[in-house]
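These notes are meant for a colleague who is opening this structure for the first time. Please keep the view at hand while going through the points below.

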Amino acid sequence: MTDSVASKLPSHAQVVIIGGGVIGCSVAYHLTKLGWRDVLLLERKQLTSGTTWHAAGLIVTPSEWELGVEMSTYTRELLKSLEAETGQSTGFKPVGYLQLACTEEWLEERRRMAVIARKHGVNYQEISPSEVKELWPLADVSDVLAGFYTPEDGRANPVDVTMALAKGARMGGARICEDTEVTGIKQKNGRVTGVITNKGEIEAEIVVNCAGLWAREIGKMAGVCVPLQAAEHYYLLTEPIEGVHPDLPIIEDFGRYSYFREEVGGLLVGFFEPVAAPWGVDGIPKDFAFGEIKPDWDRMMPYIEIAMERVPILREAGIRKFFCGPESFTPDGGFLMGEAPELKNFYVAAGMNSLGILMGGGVGRVMAQWIVDGIAPVEVTEIHIARTFPFQNNKRYLADRTVETLGWQYRLIFPNTTMQTARNVRRTAIHEHLARAGAFFTEGMGWEIPDWYAPPGVEPKVEKYTFGRQNWFPYLAEEHQACREKVILMDVTSMSKFLVQGRDAEKVLNRICANDVAVPLGKVVYTQWLNERGGIEADVTVTRLAEDKFFIVSAGDFYRRDLHWLHRHIPEGAHVFVTDMTSAYTLLNIQGPNSRALLSKITSADLSNEAFPYMSAQEIDVNYARVLSLRVTYEGELGWELYIPAEFSAHVYEAVVEAGEGLGLRHAGFQALNTLRIEKGYLEYGHDVDNMDTPWEAGLTRFVKFDKPGGFIGREALLRHIDSGPPKYRMVQFLLEDPEPLLYGHEVIYRDGKIVGHLQTGGYGFTLGGAMGMGFVENEGGATKEFITSGRYEIDIAGERYPARASLRPMYDPKGLRIRA
């Protein structure tokens, strides 16, 4: 029974959860499973009344995303046990899950995904068109090339699932109050202290925003960015159809943007159309509960018609209802989870992009453990809310981007696919110069990022997206070769840049950094930031500019997360100030054997090894400008990074281009950055390593100073980890012996015929003559050097294995002679 009388509303709770959908009830349930009893869930209307009640209830497993597999598989298994625990049925029925591949591109994509899915433990079977027909006699399979079938997956009743979780939460001690609307968030000194409701105030140590459609509005009350937007989401319900029975598998037909399942003897046909319609852009109606949206038949009819091609009998079936209800989507299609960077102890679990039911159990478990421990229990680079940006919360941005993100669920995603909506948000000071130079721009964090460059006279566009060599592959090869043999110019302004100042700056940073930053002026230090378990939270360079001034550079993807980590680990009262310099500087990367000769033409600075050694920094003149120059590389060559005040950017760029004449200067994009760094064996945070990996597995312990005064966060945990024996998995570089196949990441690694891991990233090693990748090799008995070097390796690409060389050292310039040239 829920509590809805104002007099029963408690004045205090350890945890207040806002939102009584499947996510909120799951978080409450799992908190009680961890022993937390003082949990209060507040629901503005009735449980499930937002989007949960009208969900299709698919309980299916994504293929390649390891965390997604873990969360969805856990959800499926939880639903099997909830009824026995609570007495409340979840309606789960394992009818099976069938995905169709009807083009060569979809077939290759599904086969690539099938390999990694099976590695993750998913029973993901490729079946023939005739077997598809046997499972689904009403389907037209004339264009089907293959099906991919998971017999353990199925469907559940979303309302029953939520009620079972709510009942389980109450059995564990949680309280649930319906008809209790949160109207404000209380906070003090950067920490949440409670909530204000229509029935009174409640003090709380922790608040969890699980408000679904209303999560953005609740976030605004707290000063927290929760960028999500509701969109129209459709399904069609038919009258009973002969031949339709409750045991029919769920079918997903990506090419027709639709899925099919049985519903009361008829069919439910759901849609993820490529051009969607945002809803409630000016706000969700105040009294909206168990609500429907008037369907737009004209807009949706083309999608209904192509869906009917898959199941022709639909043309004759009576339509019982064409339902339209809201679902929330995020700008990049990822979940919004974790502690908000703006407000301590204010957590968010929202933005499930129509996957709330199938992920609900797993999301609740992850969030509960995160809240109890204060540290994420899983890899969070793709789900942490701190990856978002305040501009993404703008009404216009969300409305425009949501047109695309709903359909992203069923879109064929190639390795270089990029969003097309809400573009040109952030452009560097030399954007137009780069466009004239032939840049093809991709998008990341709102930045327009040069991906590759077309030669003069060629329009920079992707002619056809494929998993093979696209039209720009030769241009990439030339950029890569130019860096190895001559010199390149690369705009990497999107990198995060922070200035840390104050008399306590060295002490505080040395506690945050695993390496020692108590170094002479002008020294650049490569280091990781670790959590209390020794996991890597950030991968950065720290440059000492003065006794009390340090300059930090990290990946642009983790701008807010890294800034959040910095602020949270500055002790109260410490004389330390952090200034965001990301937009203040254009960052030009000049790399290659001719980089010294090029820069020497436009600076009076001595760039010799003796005067300007590797991993050092100086302020230098470049023509009429003053720039901060770091002699570092992420490409594995002699080179410098130029941090240019924004107003001098065009001047310096033009000087570099002019000086590069006769030296073979070429513009290079982020595709080249990736192939160059993989060939050199340099890691990329968020792709190769994350918060669940330590420097021990990543091969980075040489950058950890265990004996420095005062230690560092994670030191003791990392030492215990190392003392426990060889790592269970270890980062290894691979090179295919066959020069034809391409690697993109997620390909499975075989050692002596047995699966031992999968690639984290992939690219083409143009200098070494084959596709390359980096991934962890796993061995329960220890991923020792002997184990790794003694095996025979193969990499599985879409079901076909290719022999590969493996190395613990960079295959390109293993002694690092070129970077110190």
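1. The model is a predicted one, and a convenient place to begin is a bridge close to a strand's end: the bridge partner of lysine 188 is arginine 191, which belongs to E10. The two strands concerned, E9 (residues 182-188) and E10 (residues 191-197), pair in the antiparallel sense over 6 bridges. Their hairpin has 2 residues between the strands, and asparagine 189 takes a positive phi near 55° there.

2. E10 also takes part in a second hairpin, this one with E11, and again 2 residues lie between the strands. The pairing of E10 with strand E11 (residues 200-209) is antiparallel and consists of 4 bridges; within it, glycine 194 has glutamate 203 of E11 as its bridge partner.

3. The next item is an open sheet of 8 strands with mixed pairing, whose order reads E5-E6-E4-E13-E14-E15-E12-E16. Strand E5 (125-127) and strand E16 (319-329) are its edge strands, each pairing on one side only. On average, and with direction ignored, neighbouring strands of this sheet are turned by 25° against each other.

4. Within that order, strand E14 (residues 258-263) and E15 are joined in the antiparallel sense by 6 bridges, and serine 258 has phenylalanine 271 of E15 as its bridge partner. Helix H7 packs on the sheet, where the strands that it touches are E4 (97-101), E12 (229-238), E13 (250-253), E14, E15 and E16, and the direction of H7 makes about 120° with that of E15.

5. Two residues other than glycine deserve a look for their backbone angles, since both have a positive phi: threonine 48, near 75°, and phenylalanine 290, near 50°. Are they buried or exposed? Threonine 48, in the loop between strand E2 (39-42) and strand E3 (58-59), has a relative accessible area of 3% and is therefore buried, the cut-off being under 20%. Phenylalanine 290, in the loop between strand E15 (266-271) and helix H7 (297-310), has a relative accessibility of 38%, and because this falls between the limits of 20% and 50% the residue counts as partly exposed.

6. In helix H12 (residues 505-512), the buried residues are Ala505, Val508, Leu509, Asn510 and Ile512. An α-helix has 3.6 residues a turn, so residues three or four places apart point the same way. What do the buried residues of H12 pack against? Their partners are four strands and one helix, namely E22 (496-501), E23 (524-530), E24 (536-546), E25 (549-554) and helix H13 (559-568).

7. Strand E27 (residues 585-591) is mostly covered, with 7 of its 7 residues buried. Both of its faces are covered, as Tyr585, Leu587, Asn589 and Gln591 are buried on one side and Thr586, Leu588 and Ile590 on the other.

8. E27 has antiparallel pairings with strand E21 (residues 487-491), over 4 bridges, and with strand E30 (residues 639-645), over 7 bridges. In the pairing with E21, leucine 588 of E27 has aspartate 491 standing opposite, while in the pairing with E30, leucine 587 stands opposite tyrosine 643.

Note on methods: Residues are numbered from 1 along each chain as its sequence is written. This is a predicted model: local features need pLDDT of at least 70, side-chain atom pairs count only at pLDDT 80 or more; totals for chains, interfaces and linings use all residues. Side-chain values use heavy atoms; hydrogens and water are left out. Buried means under 20% relative accessible area, exposed over 50%, partly exposed in between (1.4 Å probe, protein chains only). Contact means heavy atoms within 4.5 Å. Two strands pair if DSSP finds at least two bridges between them. Axes are lines fitted to C-alpha atoms, for helices over the stretch in contact, and angles run from 0 to 180 degrees between N-to-C directions.
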